[in-house]
Structures are given as C-alpha cells and as structure tokens.
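The following report describes selected features of one protein model. Please keep the sequence and the structure in view while reading.

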Amino acid sequence: NVVVIHDERADDPAYVDALESFAADGGTLVCTDAGVQLLGELDAGVDPAAVARDTFYLGHIAERVEDHPLLADTRPIQRELWKIASLGYSEANEAPMHLVDEAAFTDAGGTVAGRTGGRVAAGTLPVGDGTVQVVGGMLPPASQAHLHPFGLLDYCVSFLAHTVLTNALGFEQVREKDGEVARRFGN
C-alpha cells in the first residue's frame with residue numbers, strides 16, 4: 001500500500017511511473033486530498049481536466065453508495081471526513097476537496113463510493129492488477145487563516161475517514177474491551 005496526499009511531484013515522470021507500476025503490479029495506491037490530481041497523470045484513463053479542486057463548508061461525502069467496499073462498516077448518517085476547526089478552516093466554504101468527474105471516472109472503469117458536488121469524492125479505480133483508491137479529502141494541509149490552538153489531535157479525522165482508509169488499505173480495525181474483541185471495522 002502507498003498513500004499519496006499531495007501532488008508535489010506530479011510533473012516528475014519517474015515518480016508517476018513508479019506509482020503507476022506499483023499499482024499495475026498489484027499494489028494499492030490511495031490518492032487523497034491533492035494526491036487525487038495524480039489520477040490525470042497516471043495511465044489510468046482519467047483525463048487531467050476531469051480532476052478539480054473545490055471548496056465546501058467541510059470535507060464530506062454528500063451522496064453515499066452504501067454497498068461500495070470503501071464504505072463497509074460505516075453508518076449511512078456518516079458524511080464528514082474531517083473536522084474543519086482543528087485544521088484552521090472556517091465554515092465559510094474553505095474546506096478543500098479534490099473531486100473527479102463521474103463520467104470520466106466510470107469510463108476509466110472506476111466504481112463510485114460517494115459523491116460531493118455532483119462529482120466523485122470516493123471510489124475505486126482498477127489499474128493493471130492493482131487499484132487506485134480515491135478519497136477526495138481526508139486530511140488537507142492545515143490553514144493558518146483562522147486560530148486553531150489545539151491543532152492536529154486525534155479528533156481531526158472523522159471515524160468515517162478512519163474506516164474508509166482502513167477499507168481502502170484492506171485492513172481491519174479491532175476494538176478490544178477488557179482483552180476481548182468488542183467490535184471489528186473494515187474489510
């Protein structure tokens with residue numbers, strides 16, 4: 001598994017080729033936040049123009065596809081991916097998300113787990129023998145525009161995002177109480 005949260009080296013063919021080869025050879029590449037921009041650079045069939053950055057009142061999945069594996073063990077009411085105040089964002093539509101045009105995503109063979117603003121916010125795209133898991137926003141860079149004195153504590157990422165990432169990586173969260181397994185989440 002490789003998780004990419006940025007597009008810092010999207011213009012570096014060797015870097016992009018290494019990520020593409022990793023996925024094509026059976027690996028799982030998770031692209032979240034600005035890392036979603038890499039979909040347009042990978043040989044995955046998604047046009048770079050199909051990926052766009054937008055802002056919302058918070059990072060969220062507005063419309064869920066309940067039977068998608070990325071949403072396994074999540075509740076239909078869960079929408080929020082991260083807490084805006086902890087990262088220094090306000091509720092004035094500042095929360096960044098990177099979303100993919102649905103037709104471009106599904107034409108490339110992708111399956112949609114959720115939409116925000118009419119575009120793909122979460123989904124799975126096959127690449128060779130592997131997959132690219134897309135989550136349009138999980139933990140963007142903190143903003144210094146607003147006071148956030150408590151910073152990046154364990155409550156920034158929502159339980160939905162923790163579970164989606166667990167599913168994207170093919171893992172399972174195990175919760176124990178008094179040494180006994182109380183609950184399992186994820187694949």
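Glycine 26 follows helix α1 and has a positive phi, near 110°. The model in which this glycine appears is a predicted one. The helix that precedes glycine 26 spans residues 13–24, twelve residues in number. From the first C-alpha of α1 to the last, the helix reaches 16 Å, close to the 16 Å expected at 1.5 Å a residue.

At the N-terminal end, α1 is capped by aspartate 12. A side-chain oxygen of aspartate 12 lies 3.1 Å from the backbone nitrogen of alanine 14. The side chain of aspartate 12 also meets the side chain of arginine 9 in a salt bridge, at 2.6 Å from N to O. Aspartate 12 is partly exposed because its relative accessible area is 22%, which falls between the limits of 20% and 50%. Arginine 9 is likewise partly exposed, with a relative accessible area of 41%.

**The two sides of helix α1**

Which residues of α1 are buried? They are Tyr15, Val16, Leu19 and Ala23. These residues cover an arc of only 95° around the axis, and therefore they lie on the same side of α1. Their packing partners are the strands β1 (2–4), β2 (28–32), β7 (119–127) and β8 (130–135). On the other side of the helix, Pro13 and Ala14 are exposed.

**Salt bridges**

The count of salt bridges in the model comes to six. Three of them are listed below, each with its N to O distance.

| Basic residue | Acidic residue | N to O distance |
|---|---|---|
| Arginine 9 | Aspartate 12 | 2.6 Å |
| Arginine 115 | Glutamate 102 | 2.7 Å |
| Arginine 184 | Glutamate 172 | 3.0 Å |

In the second row, the side chains of arginine 115 and glutamate 102 meet in a salt bridge. Arginine 115 lies in strand β6 and glutamate 102 in helix α2 (residues 102–107), so this pair ties together parts that are 13 residues apart in sequence. Arginine 115 counts as buried because its relative accessibility is 18%, and the limit for buried is under 20%. Glutamate 102, with a relative accessible area of 23%, is partly exposed. The pair also belongs to a network of salt bridges that links Glu63, Glu102 and Arg115.

In the third row, glutamate 172 forms a salt bridge with arginine 184. Glutamate 172 lies in strand β9 (residues 172–177) and arginine 184 in strand β10, so the pair ties together parts that are twelve residues apart in sequence. Glutamate 172 counts as partly exposed at 38% relative accessibility.

**Arginine 184**

Strand β10, in which arginine 184 lies, comprises residues 180–186. Is arginine 184 buried, exposed or partly exposed? At 42% relative accessibility, arginine 184 counts as partly exposed. When residues up to four places away in sequence are not counted, arginine 184 touches Asp73, Glu172, Gln173 and Val174. The contact between the side chains of arginine 184 and glutamate 172 is also a polar contact of 3.0 Å. Aspartate 17, by comparison, is 167 residues from arginine 184 in sequence and 36 Å from it in space, C-alpha to C-alpha.

**Threonine 116 and alanine 145**

Threonine 116 lies in strand β6, which covers residues 111–116. At 1% relative accessibility, threonine 116 counts as buried. The side chain of threonine 116 reaches the backbone nitrogen of alanine 62 at 3.3 Å. Which residues does threonine 116 touch, not counting those up to four places away in sequence? They are Phe56, His60, Ile61, Ala62, Met97, Leu99 and Ala121.

Alanine 145 lies in the loop between β8 and α3 (159–169). At 56% relative accessibility, alanine 145 counts as exposed, because the limit for exposed is over 50%. Alanine 145 and tyrosine 89 are 56 residues apart in sequence, while their C-alpha atoms are 7.0 Å apart in space.

Conventions:
Residues are numbered from 1 along each chain as its sequence is written. This is a predicted model: local features need pLDDT of at least 70, side-chain atom pairs count only at pLDDT 80 or more; totals for chains, interfaces and linings use all residues. Side-chain values use heavy atoms; hydrogens and water are left out. Helices (H or I, at least four residues) and strands (E, at least two) are DSSP runs, numbered from the N terminus. The expected span of a helix is 1.5 Å times one less than its number of residues. Buried means under 20% relative accessible area, exposed over 50%, partly exposed in between (1.4 Å probe, protein chains only). The arc is that of the directions from the helix axis to the C-beta atoms. Contact means heavy atoms within 4.5 Å. A polar contact is a pair of N or O atoms within 3.5 Å; within protein, one must be able to donate a hydrogen and the other to accept it, and residues adjacent in sequence count only if both atoms are side-chain atoms. A salt bridge is a side-chain nitrogen of Lys or Arg within 4 Å of a carboxyl oxygen of Asp or Glu.
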